[in-house]
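Work through the exercises below with the structure in view. Each task is followed by a solution in steps.

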Amino acid sequence: MGSITLEHVNKSFGEVEIIPDISLDIRDGEFVVFVGPSGCGKSTLLRLIAGLEDTTSGTILLDGQDVTDAPPARRGLAMVFQSYALYPHMSVRDNIAFPLKMAKLPQDVIDQKVDYAARTLNLASYLDRRPRALSGGQRQRVAIGRAIVREPKAFLFDEPLSNLDAALRVNMRLEITELHQQLKTTMIYVTHDQVEAMTMADRIVVLNAGNVEQFGSPLDLYKKPANRFVAGFIGSPKMNFVDGPEAAKHNAHSIGVRPEHFKLSTTEGAWKGTVGVAEQLGSDTFLHVQTDGLGLMTIRTDGDQTFRHGDVVWLTPDPTRIYKFDAAGKAI
Amino acid sequence: MARRVSTSTKVGFTVLAWAVALLIFSPILWTVLTAFKTEAEAIAAQPTFFPQNFTLENFGAVQDRSDYFKHAINSIIVSFGSTILGLIIAIPAAWSMAFAPSKRTKDILMWMLSTKMMPAVGVLIPIYLIFRDLRLLDTVHGLTLIMTLINLPIIVWMLYTYFKEIPVDILEAARMDGAELWNEIVHVLVPMAVPGIASTLLLNVILAWNEAFWTITLTSGRAGTLTAFISSFSSPQGLFLAKLSAASLLAIAPILLLGWFSQKQLVRGLTFGAVK
Ligand SMILES: Nc1ncnc2c1ncn2[C@@H]1O[C@H](COP(=O)(O)OP(=O)(O)OP(=O)(O)O)[C@@H](O)[C@H]1O
Ligand SMILES: [Mg+2]
């Protein structure tokens, strides 16, 4: 079991309030991702749940039990750090066995569990090496192995993949998702990579300046962003925003159109513009179009388009997919 | 780009390095040589470099007059005892300063260091009176205690500097893995800080071994260490240079050997963190 509930959690470092007031309900077995810009308090929130930081006020419940004042060692959660945080003076075997030793399990049970974890994670041939002699990906696996052997109530990941190269990151992303499907244990995963967030999460918490902007499934956030911040943060490339008279036509303070929701024409349409940079990815082409009076817009088209720098194009937003926001940025 | 150094520059620096080393070493060398001379030769108006009449009689005479082994054992107990006691107190203290600092941590560190800036004689009378009243005068445990106290600031400072280099993530990982404070310190912090702890131990053993002021004022016959042993030869029956040299040689030999065998460790410890 591993449901996690935050009730009016507040955290300040001295005078500075980092997390004003967060309430969250994370269900048992859920894969929840915290995303948000750098410095918005993702790590702090995770560390509050872990017990590595004390809350200033508010309550944290684990399976309905108040753990607000419990030290990390008593919470039964496992954490994977961005820096891996392996014990450099211990072999891989001892690293993975460490939580089991702390739990005072008998040696034969420890050996069995370590061997099982090592086989699952393809670490069997490195068991006697020191962490220093492993690659980044292998170290990450050891960190995950150390987390899974003790069968925690929940896993906490703080940007575990950000030190890996792009290809390995995609691999490990799949491995972690698979691990979650296999173990069905609650996972909380912090990242600022929204592709990771969209692909891995059951539900996403979008954080901004210590506040929860929206908590919902990836598709919910994409299709029904609660406000302009979420609309701009989820989706890649970013949503295009238009203020002023064009927005007023739709009875909104501002409107947003995703790059993939435009019709493109060389002869007619709603907004006229000139192609600036065309980024060709093969499967897609991203056109950066300088529109007359509405600023720079990003348009996603298929990879066969052959627009060039300086071409004049007409853009027509898909009328059913225009997002409208009021003066405070809330979706209407 | 590799720096090009001409052969003559290299030779120049090598000669200079040897010259400095010899200059520093020469008093010790002279002591060693004198220890094997006769008294007459030692004070000769035109001294010879090497002993002309090589003799071991000084060592015998020194042992006869004042028990070398008793003093040596006292030295070992006091220097290792005080250092180990200091480490036991300082490791938790440095842990808290390095990993759970408060607003006052820097002030406390400075305050501890400031106690070393005061001349020891400043507190001679109070300490002497306290020792007298507690019946600690001329006892090995009393001397160990005072040695622990005077070296504690240095031990805490050194450990604090080494602990600062250890990523706090790793200690946090241990906490997440279910390690209580004791296990975190014993299984994670201390093994990672072994080089630092070892050089702290070595340096403080050497400091305590060579400490003379408190040793000479707070002990006499029973609890005296090797520093007291040497000083007993420099007075008052006139100068016996050869015997004094022999006594000095005997007193510094153990610590010199310790330093020799651990020099790699010492250098590594003292420059720890200087180069990342
Ligand atoms: N120990 C601390 N003392 C004071 N301020 C802190 C402390 N830890 C974090 N902060 C501040 O809290 C804010 C949130 O930090 P946090 O590490 O949670 O951000 P984050 O969302 O994880 O960012 P990133 O994506 O860059 O990791 C930052 O402004 C940071 O400076
Ligand atoms: Mg962070």
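UniProt positions are given in the numbering used here, feature names are shortened, and annotations may be inferred rather than shown by experiment. The model is predicted: local features need pLDDT of at least 70 and side-chain atom pairs pLDDT 80 or more, while totals for chains, interfaces and linings use all residues. Residues are numbered from 1 along each chain as its sequence is written, chains are lettered from A and ligands numbered from 1 in the order in which they are written, and side-chain values use heavy atoms, without hydrogens and water.

**Exercise 1.** Find where UniProt places the feature "transmembrane region" in chain B, and describe two of the spans.

Step 1. The unreviewed UniProt entry gives residues 12–33, 72–96, 108–131, 143–163, 184–206 and 240–261 of chain B.

Step 2. Residues 72–96 of chain B are 100% helix and 0% strand, with 36 Å between the end C-alpha atoms. Helices (H or I, at least four residues) and strands (E, at least two) are DSSP runs, numbered from the N terminus.

Step 3. For residues 240–261 of chain B, the figures are 95% helix, 0% strand and 32 Å between the end C-alpha atoms.

**Exercise 2.** Describe the shell around ligand 1.

Step 1. List the residues with a heavy atom within 4 Å of the ligand. Among them are A:F13, A:I18, A:K42, A:T44, A:E159 and A:H192.

Step 2. Sort the shell by class: three residues are nonpolar, six polar and two charged. Here Ala, Val, Leu, Ile, Met, Phe, Trp, Tyr, Cys and Pro count as nonpolar, Asp, Glu, Lys and Arg as charged, and the others, Gly among them, as polar.

Step 3. Helix α1 (residues 42–50) of chain A provides the largest share of the shell, three residues.

Step 4. Look for N or O atom pairs within 3.5 Å. Polar side-chain atoms lie 2.8 Å from a ligand 1 oxygen in the case of A:K42, and 2.5 Å in the case of A:T44. For A:E159, an N or O atom of the side chain is 3.3 Å from an oxygen atom of ligand 1.

Step 5. On its own, ligand 1 has 630 Å² of accessible area (Shrake-Rupley method, 1.4 Å probe), and the protein covers 57% of that area.

**Exercise 3.** Which helix gives the most to the lining of the largest cavity?

Step 1. Lining residues have an atom within 4 Å of a cavity point, on a 1 Å grid over the protein atoms alone, where a 1.4 Å probe fits but cannot get out.

Step 2. The lining includes B:S75, B:M147, B:W209 and B:E211.

Step 3. Both α4 (68–99) and α10 (194–210) of chain B supply at least two lining residues. The helix sought is α4(B), with three residues.

Key:
A polar contact is a pair of N or O atoms within 3.5 Å; within protein, one must be able to donate a hydrogen and the other to accept it, and residues adjacent in sequence count only if both atoms are side-chain atoms. On a 1 Å grid over the protein atoms alone, a cavity is a set of points where a 1.4 Å probe fits but cannot get out, and a pocket is an open set with protein on both sides within 12 Å along at least five of seven lines; lining residues have an atom within 4 Å of a point.
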